[in-house]
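Visitor: I'd like to look at this one with you and ask how the labels are earned.
Guide: Gladly, let's bring it up.

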Amino acid sequence: APHWSHLGPDHWYKNYPIAKGRRQSPIEINNKDVHYDRSLLPWFASYDPGAAKTILNNGKTCRVVFDDSFDRSVLRGGPLPGVYRLRQLHFHWGSSDDHGSEHVVNGVRYAGELHLLHWNPKYSNYLDAVRRADGIAVLAIFLQVRKTPKPEMKRILEEINAIKTKGKEAPFTNFDPSILFPKSHDYWTYHGSFTTPPCEECITWIVLREPIIVSSDQMAKLRSLSKNAENEPVLPLVDNWRPTQPRYFRMVSASFL
Ligand SMILES: NS(=O)(=O)c1ccc(C(=O)NCc2ccccc2F)cc1
Ligand SMILES: [Zn+2]
């Protein structure tokens with residue numbers, strides 16, 4: 001990773017000027033700024049469990065990677081003009097249960113946030129899609145800590161022990177991430193960016209209103225990951241969330257009243 005990558009979010013603009021752009025993510029979602037759009041369609045995920053390939057610790061997050069060589073696992077509907085291919089999912093979390101999400105809703109910070117990243121196959125590949133305003137769609141789901149966790153998160157967290165340090169990867173097959181979805185498909189949507197460098201402004205964000213429930217132990221499991229590679233000094237992988245960015249003149253639309 002580049003030498004500056006250990007510098008915080010306030011330094012990113014030196015290498016990625018777009019980090020100070022007009023369409024950055026995450027943002028605060030406040031009811032007073034949200035516009036109910038009754039023309040917004042429901043979104044649908046059609047995922048093939050066989051597309052899941054591996055789970056890895058890249059020193060920045062825990063990521064599950066999927067086969068995106070054809071329209072095998074796709075997201076469609078909602079604000080999207082067509083199908084978008086599922087490429088990976090990853091998480092953001094804090095150093096304690098009272099913070100860790102990237103988006104903040106009416107002042108509420110959640111313990112974490114799950115991002116399912118999809119790209120628009122009208123472009124030849126992911127790298128090309130990243131350079132387009134309609135290139136990427138991220139489905140964001142908040143993680144809320146409660147006593148009785150959702151059993152579906154277990155499968156991902158069971159693999160954590162195999163990817164403790166940066167660069168560790170393990171097979172992760174036969175997994176349909178839609179089992180993680182909450183009951184309600186209500187969402188907010190707006191145009192934004194990657195929340196990490198290169199901060200490209202290529203993302204249609206679909207942020208679910210209903211969080212998924214995890215336990216404090218499950219969050220502790222995520223916090224047991226390390227930023228460092230094996231046989232390097234231990235650096236806990238925590239607080240991998242970007243602070244909220246100015247909304248400027250962006251409309252946040254809601255699919256619900
Ligand atoms: N937290 S998030 O906004 O959902 C997010 C999703 C994906 C990336 C990513 O792919 N980075 C590497 C990357 C970026 C651009 C071009 C090629 C890349 F590999 C970064 C942030
Ligand atoms: Zn993310």
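Visitor: What makes the pair of a polar side-chain atom of His 90 and a nitrogen atom of ligand 1 a polar contact?
Guide: One thing first: this is a predicted model. The two atoms lie 3.2 Å apart, and the cut-off for a pair of N or O atoms is 3.5 Å, so the pair counts as a polar contact.

Visitor: How do you know that Thr 195 and His 115 qualify too?
Guide: By the cut-off of 3.5 Å. A polar side-chain atom of Thr 195 is 2.8 Å from a nitrogen atom of ligand 1, and an N or O atom in the side chain of His 115 is 3.4 Å from an oxygen atom of the ligand. Therefore both pairs are polar contacts. As for cover, ligand 1 on its own has 480 Å² of accessible area, and the protein covers 80% of that.

Visitor: Which element gives the largest share of the shell around ligand 1?
Guide: That is β7, with three residues. Elements supplying at least two residues each include β9 (112-119) and β13 (203-208). By class, the shell has eight nonpolar, six polar and one charged residues.

Visitor: Why are β4 and β5 called paired strands?
Guide: Pairing takes at least two bridges, and five join β4 (residues 52-57) to β5 (residues 62-66), so they pair, running antiparallel. Ala 52, for instance, has Phe 66 as its bridge partner. The two strands form a hairpin with four residues between them, and Gly 59 in the turn has a positive phi of about 85°.

Visitor: What makes β11 a partner of β4 as well?
Guide: Three bridges join them, against the required two, so this antiparallel pair also qualifies. Here Leu 56 stands opposite Glu 169.

Conventions: Residues numbered from 1 in each chain as written. Chains lettered and ligands numbered in written order. Predicted model: local features only at pLDDT ≥ 70, side-chain atom pairs only at ≥ 80, totals over all residues. Heavy atoms only, no water. Polar contact = N/O pair within 3.5 Å; in protein donor to acceptor, adjacent residues only side chain to side chain. Areas by Shrake-Rupley, 256 points an atom, 1.4 Å probe, with all protein chains shown as cover. Nonpolar A, V, L, I, M, F, W, Y, C, P; charged D, E, K, R; others polar.
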